[in-house]
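Here's a quick briefing to read alongside the model. Have the structure open and follow the topics one by one.

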Amino acid sequence: MSNELTYLIDDDSLTLRLTTMLANRISFSSSLESFSNAKIALELLQKNATNHHDLPDCILLDINMPLMNGWEFLDALKQLNIQKDIFVFIMTSSIEFSDIEKAKKYANVKNYIEKPISIEKLEAIKHFIAISK
């Protein structure tokens, strides 16, 4: 199964544009939806919780964001009780050991990726998804 839909959640518009450009270059997924606000992404996940076709296969998630940070998003996502495996990849500039350790406590977080995002990092995620589905 290929990666059909990806959510990209990051408050930095430059990161959103760059990651989208790189993802499109390597056909990372059939569809990529960008969110500068994690709350909006969460509302859409909640709305589509029972419709697997409208849920993402993958979420690329920043940690440090205003309004709702990545940890708050992950906690809220867990509460939605979605019955689909959604792979979450944390993309952040934080190299704090405590953040890396905290990420391991979330079963759906598959990897912790340091920014800047590159084609190689996206290819590695794409490969992981392909062999895991």
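A residue counts as buried when its relative accessible area is under 20%, and as exposed when that area is over 50%. Keep in mind that this is a predicted model. With that cut-off in hand, strand β1 is a good place to start: it spans residues 5–9, and five of its five residues are buried.

**Strand β1 and its neighbours**

- In a regular strand, side chains alternate between the two faces of the sheet.
- β1 is covered on both of its faces: L5, Y7 and I9 are buried on one side, and T6 and L8 are buried on the other.
- Which strands does β1 pair with in the parallel sense? One is β2 (residues 31–35), over five bridges, and another is β3 (residues 58–61), over four bridges.
- To find the β2 pairing on screen, look for I9 of β1, which stands opposite F35 in β2.
- Between those two strands the chain passes through helix α1 (residues 13–25), and this β-α-β crossover from β1 to β2 is right-handed.
- For the β3 pairing, go to T6, which stands opposite C58 in β3.
- T6 is also one of the buried residues of β1, on the side it shares with L8.

**Strands β4 and β5**

- β4 (87–92) and β5 (109–114) run parallel, joined by five bridges.
- A handy marker for this pair is V88, whose bridge partner in β5 is V109.
- Here the chain gets from β4 to β5 by way of helix α4 (residues 97–103), and this β-α-β crossover is right-handed.

**Backbone oddities in the loops**

- Where is the cis peptide bond? It joins K115 and P116, with omega at about 5°.
- P116 sits in the loop between β5 and α5 (119–132).
- L67 isn't a glycine, yet its phi is positive, near 70°.
- You'll find L67 in the loop between β3 and α3 (70–79).
- Is L67 buried or exposed? Its relative accessible area is 64%, so L67 counts as exposed, given that the cut-off is over 50%.
- N81 is another non-glycine residue with a positive phi, this one near 55°.
- N81 belongs to the loop between α3 and β4.
- With a relative accessible area of 57%, N81 is exposed because that value is over 50%.

**The largest pocket**

- How much space lies in the largest pocket? About 270 Å³.
- Its lining is made of 13 residues, and the closest to the centre are L77, I82, K84, I86 and N108.
- Helix α3 gives the largest share of the lining, namely three residues.
- Sorted by class, the lining of the largest pocket has seven nonpolar, two polar and four charged residues.

**The second largest pocket**

- The second largest pocket has a volume of about 190 Å³.
- What lies nearest the centre of this second largest pocket? Of its 11 lining residues, that would be E4, L5, H53, L55 and D57.
- One of these, L5, has already come up as a buried residue of β1.
- The lining of the second largest pocket breaks down into three nonpolar, three polar and five charged residues.

How values were computed:
Residues are numbered from 1 along each chain as its sequence is written. This is a predicted model: local features need pLDDT of at least 70, side-chain atom pairs count only at pLDDT 80 or more; totals for chains, interfaces and linings use all residues. Side-chain values use heavy atoms; hydrogens and water are left out. Buried means under 20% relative accessible area, exposed over 50%, partly exposed in between (1.4 Å probe, protein chains only). Two strands pair if DSSP finds at least two bridges between them. A crossover is right-handed if, with the strands pointing away from the viewer, the path from the first strand over the helix to the second runs clockwise. On a 1 Å grid over the protein atoms alone, a cavity is a set of points where a 1.4 Å probe fits but cannot get out, and a pocket is an open set with protein on both sides within 12 Å along at least five of seven lines; lining residues have an atom within 4 Å of a point. Grid points are joined across faces, edges and corners, and a volume is the space filled by probe spheres set on the points. Ala, Val, Leu, Ile, Met, Phe, Trp, Tyr, Cys and Pro count as nonpolar, Asp, Glu, Lys and Arg as charged, and the others, Gly among them, as polar.
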